[in-house]
Every structure is written in structure tokens, then in C-alpha cells.
Amino acid sequence: LSRYRHVPLVGASVSVRIGMEERSSVWAHNEITPQSIRLVHNGKILAEQPYNGKPVDFSVSLVPGWLRVEVYGTALDRPADSIALTSPIYSADLRDE
């Protein structure tokens, strides 16, 4: 048995919330403004939605592989490639285990 807890994500819905209140002075000092959120699965953009200050919900069917969230927007009034991203999460189908 693995000592790690496996969480099956295949067929899951994903909700993304950006914590603008976390380190808000850093966001304000660097004039960081989120504009869109991408869900990336196995290196490909699975879904993208504009960010309007509210949680963003993605309803997607995942297959086994790597999933991460990327946030795009502006910093210091200039477009930024990426202003935040999550560590990757592995989605697994545990029905056969």
C-alpha cells in the first residue's frame, strides 16, 4: 500500500479562486491584475475563462495525467505571460485499483 492518499480526479469539476486578499500589498505594489484563468492538462490548454473577481468554475472530464492552473493578466500596466500558477496535480483513475 502506498503511504500517500490518492484522490481520484477523473471526471471531476474544478473550481478556482484567486486569493487577492493574500499578500494584497504585493499585488497592489506591482499593480498585478488577473485577467484570465487557464486549466492546463498534460501541457495543453483544456479550458480558459476570463477572471472577474469571482471564483471560476470549470466542468471538465479529466483523463489520467497532470493538471495545473495558470493565471494571466497584467503587472505594472504591462501584459505578463503568467502572474501565478499552481503546482501540478496528478489526476488518476483509481476505479481499477
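Is R68 buried, partly exposed or exposed? In this predicted model, R68 is partly exposed, with 30% of its relative area accessible. The side chain of R68 meets that of E70 in a salt bridge, with 2.5 Å between N and O. On the other side of this bridge, E70 is buried, and its relative accessible area is 8%. The pairing thus brings together a buried acidic residue and a partly exposed arginine, and it is a helpful place to begin a walk through the structure.

The overall layout comes next. The protein chain contains one helix and seven strands. Read from the N terminus, these elements follow the order β-α-β-β-β-β-β-β. The chain has 97 residues, of which 30% count as buried. Contacts that span the sequence are well represented: among those between residues at least 6 apart, 56% join residues at least 24 apart.

Turning to the interior, the largest nonpolar core is made of 16 residues. Those with the most contacts inside this core are V14, V16, I18, I37, L39, F58 and V60. Several strands contribute, with at least two core residues supplied by each of strand 1 (13-16), strand 2 (33-41), strand 4 (56-59) and strand 5 (65-75). Strand 5 gives the largest share, which amounts to three residues. A closer look at I18 shows what surrounds one of these core residues: beyond its neighbours within four places in sequence, I18 is in contact with W27, P34, I37, Y51 and V71. I37, listed here as a partner of I18, is itself among the core residues with the most contacts.

Aromatic pairing is the next topic. A search of the whole structure turns up one aromatic pair. Its members are W66 and Y90, arranged edge-to-face, with 5.1 Å from centre to centre and 65° between the planes. Because W66 belongs to strand 5 and Y90 to strand 7 (residues 89-91), the pair ties together parts that lie 24 residues apart in sequence. Both rings belong to partly exposed residues: the relative accessible area is 49% for W66 and 43% for Y90.

W66 also appears among the contacts of a histidine, H41. H41 is located in strand 2 and is buried, at 8% relative accessible area. Leaving aside neighbours within four places in sequence, H41 touches L46, L62, V63, P64, G65, W66, L67 and S91. Its side chain additionally makes a polar contact of 3.5 Å with the side chain of N42.

The charged side chains complete the picture. Side chains of opposite charge can pair when their charged atoms come close. Two salt bridges are present in the structure. One is the bridge between E70 and R68 described at the outset, and another joins the side chains of E48 and R38, at 3.3 Å from N to O. This second pair links distant parts of the chain, with E48 in strand 3 (residues 44-50) and R38 in strand 2, ten residues apart. E48 counts as partly exposed, at 40% relative accessibility. R38 has an aromatic partner as well: its charged end sits over the ring of Y72, 4.1 Å from the ring centre. R38 therefore takes part in a salt bridge with E48 and also places its charge over an aromatic ring.

Terms used: Residues are numbered from 1 along each chain as its sequence is written. This is a predicted model: local features need pLDDT of at least 70, side-chain atom pairs count only at pLDDT 80 or more; totals for chains, interfaces and linings use all residues. Side-chain values use heavy atoms; hydrogens and water are left out. A nonpolar core is a set of buried Ala, Val, Leu, Ile, Met, Phe, Trp, Tyr and Cys residues joined through side-chain atoms within 4.5 Å. Buried means under 20% relative accessible area, exposed over 50%, partly exposed in between (1.4 Å probe, protein chains only). Helices (H or I, at least four residues) and strands (E, at least two) are DSSP runs, numbered from the N terminus. Contact means heavy atoms within 4.5 Å. Rings of Phe, Tyr and Trp (its six-membered ring) pair if their centres lie within 6.5 Å; planes under 30 degrees apart count as stacked, over 60 as edge-to-face and the rest as tilted. A charge sits over a ring if NZ of Lys or CZ of Arg is within 6 Å of the ring centre and within 35 degrees of the ring normal. A polar contact is a pair of N or O atoms within 3.5 Å; within protein, one must be able to donate a hydrogen and the other to accept it, and residues adjacent in sequence count only if both atoms are side-chain atoms. A salt bridge is a side-chain nitrogen of Lys or Arg within 4 Å of a carboxyl oxygen of Asp or Glu.
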